[in-house]
Amino acid sequence: MRLFRDLSLSTFTAGVVAVLVAFTSSVAVVYQAAQALGATPAQVTSWIWAIGIGPGLCTLIPSLILKKPVMVAWSTPGGAVVATAALAGGFSMAEGIGAFILSALLITLAGATGWFERVMNRIPIALASALLAGVLARFALDAFSAARTAPALVVVMLLVYLAARRWAPRYAVVLTLLAGIAQAALDGRMQWSAVTLELARPVFTMPAFTFSAFVSIALPLFIVTMASQNLPGVAVMRTTGYAMPVSRLITMTGLATLVFAPFGGYAINLSAITAAICMGREAHEDPDKRYTAAVVCGVFYILIGLFAAVITGLLMAFPQELVLAIAGLALLGSIGGGLAQALAHEGQREAALITFLVTLSGVVLGGIGSAFWGVVAGSVALFVQQYGRNKSIAP
């Protein structure tokens, strides 16, 4: 079977690291969003089940069919939007579920009509690359900032990463992860008490549709998901050289959200951070074999969904500094590649730099994240610089 022939230790590790980064960096946000809507412990587990099974299937199946790394996750910024809006508006779980369904309908419409892909086709590769670098650079900064609270752990991981990149580049991430786990265990920072034996049971919530929830939750969730998740997700595809049916993938995520929304799957979408881990050269030198990293990621997502409490506990056992460090180090190659492409064309260099800096700033305006505003700022800069010189700013 081709899958097992193409699978390697490096792609397996990339898939595992992607899952590690995804869950440990966002479980707290998902929990807060569920709690803000008054979720019971059973409903919280159901939410984790939904964000495991839904993205897992949407990652696993298309990757096997297309033989390309299709990476799907859930919206961490969207979770923050839900939590903030729910607390401010006092919405019930039923109203929240209704808003998730309405947001999913909008996402499905955006994919089915193809308008989102047409917009993405107008963004120059330099800006898309700068956007990707800006999104990922925050993780690299956090990786080295983690040295403030765990200097030994971060230094050991950095030294192992550098040595592995020199003598065993294909296994650099896995060796760095193992070194980090060993160092964390020596420091007594592994929180094994977080692991509990419990199977996940999905809990269905009947939706309630209200205009206030539509305005306060559904619309902001739709905008943030498209601008802060799907936009950089497509940028990762373009920057790493993968041509995929974007409109059909967006439609798929919208339909998946429709199915899983009653169980807590508030926003299923293209991923950016974890996609960069599985689509980059660190996953495999051969781009045609990197899909196996996405397959591994999808399988582990599904396992996390089925064994939500157990698997989440295992992930939470790692100290935060270890997660930050492995994420940042695993993304160094993607950041460098993005910056190289962004700054390659002198005529677009300044606009790309503006895109990178605005995206990296993390600024949030009108509830919309910096990824969207980075593209807006860079596009405006490119338009001003090239208007009158070329009839189109697109490449």
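Ala34 is buried, because its relative accessibility is 0%. The structure shown here is a predicted model. This briefing begins with Ala34, then turns to helices 5, 11, 9 and 17.

**Ala34 in helix 2**

- Ala34 belongs to helix 2, which covers residues 9-36.
- Which residues does Ala34 touch, not counting those up to four places away in sequence? They are Ala39, Val44, Trp47 and Met93.
- Ala34 and Ile53 lie 19 residues apart in sequence. In space, their C-alpha atoms are 17 Å apart.

**Helix 5 and Thr108**

- Helix 5 takes in residues 93-113, and Thr108 is found in it.
- The 21 residues of helix 5 should span 30 Å at 1.5 Å a residue. The end C-alpha atoms of helix 5 are 30 Å apart, so the expected span and the model agree.
- Is Thr108 buried or exposed? Thr108 counts as buried because its relative accessibility is 12%, and the cut-off for buried is under 20%.
- Leaving aside neighbours within four places in sequence, Thr108 is in contact with Thr251, Gly254, Leu255 and Leu258.
- Just after helix 5 comes Gly114, with a positive phi of about 80 degrees.

**Helix 11 and Ile250**

- Ile250 sits in helix 11, which runs over residues 246-260.
- Ile250 has a relative accessible area of 0%, so Ile250 is buried.
- Beyond its neighbours within four places in sequence, Ile250 is in contact with Ile107, Gly111, Phe116, Met226, Asn230 and Leu270.
- Ile250 and Leu64 are 186 residues apart in sequence. Their C-alpha atoms are 17 Å apart in space.

**Helix 9**

- Helix 9 has 15 residues, numbered 172-186.
- From first C-alpha to last, helix 9 reaches 21 Å, close to the 21 Å expected at 1.5 Å a residue.
- Buried residues of helix 9 include Ala172, Val173, Val174, Thr176 and Leu177. Ala179, Gly180, Gln183 and Ala184 of helix 9 are buried too.
- Gly188, just after helix 9, takes a positive phi of about 70 degrees.

**Helix 17 on its own**

- Helix 17 covers residues 349-361. Its 13 residues should span 18 Å at 1.5 Å a residue, and its end C-alpha atoms are 18 Å apart, which agrees.
- Which residues of helix 17 are buried? They are Ala351, Ala352, Thr355, Phe356, Thr359 and Leu360.
- Seen down the helix axis, these buried residues fall within an arc of 165 degrees, so they line one face of helix 17.
- A general rule helps here: an α-helix has 3.6 residues a turn, so residues three or four places apart point the same way.
- The buried residues of helix 17 pack against helix 7 (125-145), helix 16 (332-342) and helix 18 (370-386).
- Gly362 follows just after helix 17 and takes a positive phi of about 75 degrees.

**Helix 17 against helix 7**

- Two packed helices are described by the angle between their axes and the distance between the axes.
- The axes of helix 7 and helix 17 come within 8 Å. They cross at roughly 35 degrees.
- The crossing of helix 7 and helix 17 is right-handed.
- Helix 7 contributes residues including Ala126, Leu127, Ala130, Leu131 and Arg138 to the contact. Helix 17 contributes Ala351, Ala352, Thr355, Phe356, Thr359, Leu360 and Ser361.
- By class, the contact of helix 7 with helix 17 holds 12 nonpolar, four polar and one charged residues.

Notes. Residues are numbered from 1 along each chain as its sequence is written. This is a predicted model: local features need pLDDT of at least 70, side-chain atom pairs count only at pLDDT 80 or more; totals for chains, interfaces and linings use all residues. Side-chain values use heavy atoms; hydrogens and water are left out. Helices (H or I, at least four residues) and strands (E, at least two) are DSSP runs, numbered from the N terminus. Buried means under 20% relative accessible area, exposed over 50%, partly exposed in between (1.4 Å probe, protein chains only). Contact means heavy atoms within 4.5 Å. The expected span of a helix is 1.5 Å times one less than its number of residues. The arc is that of the directions from the helix axis to the C-beta atoms. Axes are lines fitted to C-alpha atoms, for helices over the stretch in contact, and angles run from 0 to 180 degrees between N-to-C directions. A crossing is left-handed if the near helix is turned anticlockwise from the far one by less than a right angle, and right-handed if clockwise. Ala, Val, Leu, Ile, Met, Phe, Trp, Tyr, Cys and Pro count as nonpolar, Asp, Glu, Lys and Arg as charged, and the others, Gly among them, as polar.
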